[in-house]
Amino acid sequence: MSNFIKGLAFGAAVGGASGLLFAPRSGKETQQMVGTYIDDVTDATKEFNESLQNFQQAVRETQKTVQATAPIVSTSIKKSVEAFKFQAEPRVARINEQVEQLQNHIATLPVQSNEKNKK
């Protein structure tokens, strides 16, 4: 970030010097223009720094919020998964029993010969 500000100041200095050397206006007009330009650059730099500070503060607040809520959300999700398992385990056991009964029933069915099926 400091490189940006250094570059901004260097650009302002070079621009100001170029303006003074190549300006088609009188010295007083050029001074006023340079003064206005420097004021504008200074104001823009201050606004940029304020915006950057606000952004940094927002990031810090967001980090604090995430750090505070992450354990709560994690605990809530774990409890929900445990509750689902608790509810699903008896159902899964019943389904497995029914599958076993169906397999036993299928195993006891008589096998028909292929010759009867062809007729």
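**Close-up views of a three-helix chain**

**View 1. Residue T30 within helix α2.** T30 lies in helix α2, in a model that is predicted. The relative accessible area of T30 is 6%, and the residue is therefore classed as buried, the cut-off being under 20%. Across the 119 residues of the chain, 6% count as buried. The view also includes G19, which stands 11 residues from T30 along the chain. The C-alpha atoms of T30 and G19 are 7.5 Å apart.

**View 2. The chain as a whole.** The chain contains 3 helices and 0 strands, and its elements follow one another along the sequence as α-α-α. Helix α1 covers residues 2-22, and helix α2 covers residues 27-108. The chain exposes about 10600 Å². Carbon and sulfur atoms supply 59% of this exposed area.

**View 3. The aromatic pair F4 and F48.** The structure holds 1 aromatic pair. This pair is formed by F4 and F48, whose ring centres lie 5.0 Å apart. An angle of 45 degrees separates the two planes, and the pair is described as tilted. Because F4 belongs to helix α1 and F48 to helix α2, the pair ties together parts of the chain that are 44 residues apart in sequence. F4 is partly exposed, at a relative accessible area of 42%. F48 is likewise partly exposed, with a relative accessibility of 30%.

**View 4. A negative surface patch that includes E50.** The residues D39, D40, D43, E47 and E50 form a negative patch on the surface. One of these residues, E50, is located in helix α2. The relative accessible area of E50 is 49%, so the residue meets the requirement of over 30% for membership of a patch. At this value, E50 is classed as partly exposed.

**View 5. A nonpolar surface patch formed by V73, I77 and V81.** The side chains shown here are those of V73, I77 and V81, which together make a nonpolar surface patch of about 250 Å². Among them, V73 is found in helix α2. V73 has a relative accessible area of 46% and is partly exposed. Helix α2 thus appears in this view through V73, as it does through E50 in the view of the negative patch.

How values were computed:
Residues are numbered from 1 along each chain as its sequence is written. This is a predicted model: local features need pLDDT of at least 70, side-chain atom pairs count only at pLDDT 80 or more; totals for chains, interfaces and linings use all residues. Side-chain values use heavy atoms; hydrogens and water are left out. Patches are made of residues with over 30% relative accessible area and no salt bridge: like charges are joined within 9 Å, nonpolar side chains (Val, Leu, Ile, Met, Phe, Trp, Tyr) within 5 Å. Accessible areas come from the Shrake-Rupley method with a 1.4 Å probe; for residues, only the protein chains shown count as cover. A salt bridge is a side-chain nitrogen of Lys or Arg within 4 Å of a carboxyl oxygen of Asp or Glu. Lys and Arg count as positive and Asp and Glu as negative; His and the chain ends are not counted. The place of a charge is taken as NZ of Lys, CZ of Arg, CG of Asp or CD of Glu. Helices (H or I, at least four residues) and strands (E, at least two) are DSSP runs, numbered from the N terminus. Buried means under 20% relative accessible area, exposed over 50%, partly exposed in between (1.4 Å probe, protein chains only). Rings of Phe, Tyr and Trp (its six-membered ring) pair if their centres lie within 6.5 Å; planes under 30 degrees apart count as stacked, over 60 as edge-to-face and the rest as tilted.
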